[in-house]
Amino acid sequence: MISGRPDINQVLSQMRDLRSQVQAPGSGVAEVAQPGGNADAAQAVERADFAEMLKNAVDNVNSLQQEASQLAQSYERGDEGVDLPQVMIGLQKSSVSFEAMTQVRNKLVDAYEKIMNMPI
């Protein structure tokens, strides 16, 4: 096995960890207060800052793209320890994350347009 090559189990584990962080109650994701619930408890729930979450997502996509670019350049230079599957996985992760961010942006723009066209 080539060292430094990502293992599919590691990638899946990272994806599961990210999903559990997003779904965890204390992850910073905004939660809706239950009807008839305690108002103080609803205020105590940690609210997510949407702009911060979006900025973190864009920064993550940017870092994946930079990492993939560095891997590709290292492979082109013939650096040892960088093999083609590692480069291809990095490029695919970058591509998928960029596509997902583009889809999120499209949905946000669509929602904004729908809200702006609502009668008052």
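**View 1. Helix 4 has the span expected for its number of residues.** In this predicted model, helix 4 covers residues 84–116. Helix 4 counts 33 residues. At 1.5 Å a residue, these should span 48 Å. The end C-alpha atoms of helix 4 are 48 Å apart, so the two values agree.

**View 2. Helix 4 packs its buried residues against helix 3.** Which residues of helix 4 are buried? They are Gln86, Val87, Gly90, Ser94, Ser97, Met101 and Thr102. Find them along the helix, then look across to their partner. These buried residues pack against helix 3.

**View 3. Helix 3 spans residues 50–77.** Helix 3 has 28 residues. From its first C-alpha to its last, helix 3 reaches 41 Å. That is close to the 40 Å expected at 1.5 Å a residue. What follows helix 3? The next residue is Gly78. The phi of Gly78 is positive, near 85 degrees.

**View 4. Helix 3 has buried residues of its own.** They are Val61, Leu64, Ala68, Leu71, Ala72 and Ser74. What covers them? The cover includes helix 4. Compare this with the view from the other side of the pairing: the buried residues of helix 4 pack against helix 3.

**View 5. A nonpolar patch lies on the surface.** Which residues make the patch? They are Phe50, Leu54, Val58, Val104 and Leu108. The patch comes to about 390 Å². Helix 3 and helix 4 are the elements that give two or more residues to the patch. The largest share, three residues, comes from helix 3.

**View 6. Val58 is partly exposed.** Val58 sits in helix 3 and is one of the residues of the nonpolar patch. Is Val58 buried, partly exposed or exposed? The relative accessible area of Val58 is 41%. Buried means under 20%, and exposed means over 50%. Val58 has 41%, so this residue is partly exposed.

**View 7. The whole protein gives the setting for the close-ups.** The protein has four helices and zero strands. From the N terminus on, its elements run α-α-α-α. Of the 120 residues in the protein, 15% are buried. The accessible surface comes to about 9,700 Å². Carbon and sulfur atoms hold 57% of that surface. Now take the contacts between residues at least 6 apart in sequence. Of these contacts, 45% join residues at least 24 apart.

How values were computed. Residues are numbered from 1 along each chain as its sequence is written. This is a predicted model: local features need pLDDT of at least 70, side-chain atom pairs count only at pLDDT 80 or more; totals for chains, interfaces and linings use all residues. Side-chain values use heavy atoms; hydrogens and water are left out. Buried means under 20% relative accessible area, exposed over 50%, partly exposed in between (1.4 Å probe, protein chains only). Contact means heavy atoms within 4.5 Å. Accessible areas come from the Shrake-Rupley method with a 1.4 Å probe; for residues, only the protein chains shown count as cover. The expected span of a helix is 1.5 Å times one less than its number of residues. Patches are made of residues with over 30% relative accessible area and no salt bridge: like charges are joined within 9 Å, nonpolar side chains (Val, Leu, Ile, Met, Phe, Trp, Tyr) within 5 Å. A salt bridge is a side-chain nitrogen of Lys or Arg within 4 Å of a carboxyl oxygen of Asp or Glu.
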